[in-house]
Amino acid sequence: MNKHTFLQRLEKALRHIPKEDREDAISYYTEYFEEMGADDNQDISESLGKPEDIAKEIIATCTEKHIEEQKTQGGVKNSATVIWMIILAIFAAPVALPLAIAGIAVLFAILITLLAFIFAIFCAGAALVLAGVMMFTAIFFAGSFGQGLVCAGMGFLLLGFGLLILAGMIKFGELCIRAIAALFKALFFRKKVA
């Protein structure tokens, strides 16, 4: 296999990882071939091996890198990237595919249930905020000054509870995604003992 075929197969095997990581890997091997002085007809598979095997190593390395970034920078986007990278690494690793699929299905079901719970509580918070706003409009239809004050008080109370629930659910959702990423890491990645 010549260098062009190798690079095409490597890029295809890395198509699901983030674009920046894929471009870095392709750039590295392109420079490697230039330094090696490989021409278009030279068989490079003997010295490097299969591009798919190299892709597995790259995916594992990228996953570790993104896990470290998620630890230092946090954020929902970094956590989601870590989860995606771990899923890719699982399927790239020499694991019994049915077992991996079953494990992913169970974890996915737990994730969907958790996200549905978070979404339901988030909707309840949004409903309280909306009810609080509507109570402020009820002030204009109050029959007396006292009723207007009660409507204003209820409006502030509902608005406060609603905003508190919304803020809590956003933070709780971020913590859940971090926990899921940590669970994936604990289940599927073991530290190499030197």
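A helix here is a DSSP run of H or I at least four residues long, and helices are numbered from the N terminus. The legends below refer to a predicted model.

**Figure 1. Overall view of the protein chain, a predicted model with seven helices and zero strands.** Read from the N terminus, the elements follow the order α-α-α-α-α-α-α. The protein chain comprises 194 residues, of which 32% count as buried. Its accessible surface amounts to about 12300 Å², and carbon and sulfur atoms account for 69% of that area. When contacts between residues at least 6 apart in sequence are considered, 70% of them join residues at least 24 apart.

**Figure 2. Confidence of the prediction along the protein chain.** The mean pLDDT is 78, and 78% of the residues reach 70 or more. Confidence is lowest in helix 5 (residues 76-92), where the mean is 61. Helix 7 shows the highest confidence, at 86.

**Figure 3. Close-up of helix 2 and its buried and exposed residues.** Helix 2 spans residues 19-36, a stretch of 18 residues. From its first C-alpha to its last it reaches 26 Å, close to the 26 Å expected at 1.5 Å a residue. Which residues of helix 2 are buried? They are Asp21, Arg22, Ala25, Ile26, Tyr29 and Phe33. These residues cover an arc of only 130° around the axis, which places them on the same side of helix 2. An α-helix has 3.6 residues a turn, so residues three or four places apart point the same way. The other side of helix 2 carries the exposed residues Lys19, Glu20, Tyr28, Glu34 and Glu35. Gly37 follows helix 2, and its phi is positive, near 75°.

**Figure 4. Close-up of the salt bridge between Glu52 and Arg9.** A search of the whole structure finds three salt bridges, one of which joins the side chains of Glu52 and Arg9 at 2.9 Å, N to O. What does this pair tie together? Glu52 belongs to helix 4 (residues 51-73) and Arg9 to helix 1 (residues 3-13), so the salt bridge links parts that are 43 residues apart in sequence. Glu52 is partly exposed, its relative accessible area being 31%. Arg9 is likewise counted as partly exposed, at 33% relative accessibility.

**Figure 5. Close-up of the salt bridge between Lys19 and Glu23.** The two side chains meet at 3.9 Å, N to O. Both residues lie in helix 2, four residues apart, which corresponds to about one turn of the helix. Is Lys19 buried or exposed? With a relative accessibility of 54%, Lys19 counts as exposed; the threshold for this class is over 50%. Glu23, at 44% relative accessibility, counts as partly exposed.

**Figure 6. Close-up of the salt bridge between Glu174 and Arg178.** The closest N and O atoms of this pair are 2.7 Å apart. Glu174 and Arg178 stand four residues apart in helix 7 (residues 145-188), and about one helical turn separates them. Glu174 is buried, with a relative accessible area of 17%, because buried means under 20%. Arg178 counts as partly exposed, at 30% relative accessibility.

**Figure 7. Close-up of Ala13 and its contacts.** Ala13 lies in helix 1 and counts as partly exposed, at 25% relative accessibility. With which residues is Ala13 in contact, leaving aside its neighbours within four places in sequence? The partners are Ala55 and Ile59. Although Ala13 and Ile59 are 46 residues apart in sequence, their C-alpha atoms are 9.5 Å apart in space.

**Figure 8. Close-up of Cys123 in helix 6.** Helix 6 covers residues 97-138 and includes Cys123. The relative accessible area of Cys123 is 34%, and the residue is therefore partly exposed. How many residues apart in sequence are Cys123 and Gly162? The separation in sequence is 39 residues, while the distance in space is 9.4 Å from C-alpha to C-alpha.

Technical notes: Residues numbered from 1 in each chain as written. Predicted model: local features only at pLDDT ≥ 70, side-chain atom pairs only at ≥ 80, totals over all residues. Heavy atoms only, no water. Helix = DSSP H or I, 4+ residues; strand = E, 2+ residues; numbered from the N terminus. Expected span 1.5 Å × (residues − 1). Buried < 20%, exposed > 50% of the residue type's maximum accessible area, 1.4 Å probe, protein only. Arc of directions from axis to C-beta. Salt bridge = Lys/Arg side-chain N within 4 Å of Asp/Glu carboxyl O. Contact = heavy atoms within 4.5 Å. Areas by Shrake-Rupley, 256 points an atom, 1.4 Å probe, with all protein chains shown as cover. pLDDT = per-residue confidence, 0-100.
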